[in-house]
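Thanks for making time this morning. I would like to walk you through one chain, beginning in its interior and working outwards, so please keep the viewer open while I talk.

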Amino acid sequence: MNMTKNLLFTTLLALFTLTLYSCKTKKLVAKPAPVPVEKPAPTVEEKKPAPAPEKEEAPVPVEKPNFNLDNIQFEFNSFVLKTSSFPILDKAVTEMKKSPDTKFILNGYSSAEGTPEHNMQLSVDRANAVKSYFINAGLNGNNFTVVGHGEKNPISSNNSEEGRILNRRTEIKVQK
């Protein structure tokens, strides 16, 4: 049995070696002579007139940041940001990075569903969720003040679902 294994192993090794050898590319016996390359004649440079001195360009004015941002929306009874709010937040981060020393107030709101205490806590949590987004984007957390307003100051009627959706928001204001 042991002898059969050795014979089989030797046969497989020989076949493997033969297969590898037959797949190798064949080398050329003699390399072809390289084609002579003609050197181009040196070109005579013509003297060009000196360019006129350029006018000094006025410095580009620094674009002032635009802090007029849309409202940031949230899911029902949650401080989870809606995915539709991410482009607004990304724009806010871009604008805030233009003026890194500006202080902001993050005003959180809720719709009128639930108890006033719950809505107040929910509005604070929503403002903190926006603050966390900004900190994760590289902004200084000390530049943000979080204020919860609960169900106060609705921007739409709480009598319809569309109005309640608009009232679940966080607004960004520049601190004066």
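Let me begin with leucine 106, which, leaving aside residues up to four places away in sequence, touches Ala127, Val130, Lys131, Phe134, Phe144, Thr145, Val146, Val147, Thr170, Glu171 and Ile172. I should say at once that this is a predicted model, and that every contact I mention is computed from its coordinates.

Leucine 106 is also among the residues with the most contacts inside the largest nonpolar core, a set of 17 residues in which Ile72, Met96, Val130, Phe134, Phe144 and Ile172 are listed alongside it. The elements that give two or more residues to this core are helix H2, residues 86-98, strand S2, and helix H3, residues 116-136, and of these H2 gives the most, with 5 residues. As a general background, nonpolar side chains in soluble globular proteins tend to be buried together.

Now to the strands. Strand S2, which covers residues 104-108, pairs with S4 in the antiparallel sense over 5 bridges, and within that pairing phenylalanine 104 stands opposite valine 174 in S4. Strand S1, residues 72-73, is likewise joined to S4, residues 169-174, by 2 bridges, and these two strands also run antiparallel; here isoleucine 72, which we have already met in the core, stands opposite threonine 170.

Next, the end of helix H4, which spans residues 161-167 and contains asparagine 167. Is asparagine 167 buried or exposed? Asparagine 167 counts as buried because its relative accessible area is 0%, whereas the cut-off for that label is anything under 20%. Not counting residues up to four places away in sequence, asparagine 167 touches Tyr109, Ser110, Ser111, Pro154, Ile155, Ser156, Ser157 and Asn158. One of these, serine 110, is 57 residues away along the chain, yet the two C-alpha atoms are separated by 5.7 Å.

Finally, the chain as a whole. The model has 4 helices and 4 strands, and along the sequence they follow the pattern α-β-α-β-α-β-α-β. Among contacts between residues at least 6 apart in sequence, 73% join residues at least 24 apart. Of the 176 residues, 26% are buried, while the accessible surface comes to about 13,800 Å², with 60% of that belonging to carbon and sulfur atoms.

Definitions and conventions: Residues are numbered from 1 along each chain as its sequence is written. This is a predicted model: local features need pLDDT of at least 70, side-chain atom pairs count only at pLDDT 80 or more; totals for chains, interfaces and linings use all residues. Side-chain values use heavy atoms; hydrogens and water are left out. Buried means under 20% relative accessible area, exposed over 50%, partly exposed in between (1.4 Å probe, protein chains only). Contact means heavy atoms within 4.5 Å. Two strands pair if DSSP finds at least two bridges between them. A nonpolar core is a set of buried Ala, Val, Leu, Ile, Met, Phe, Trp, Tyr and Cys residues joined through side-chain atoms within 4.5 Å. Accessible areas come from the Shrake-Rupley method with a 1.4 Å probe; for residues, only the protein chains shown count as cover.
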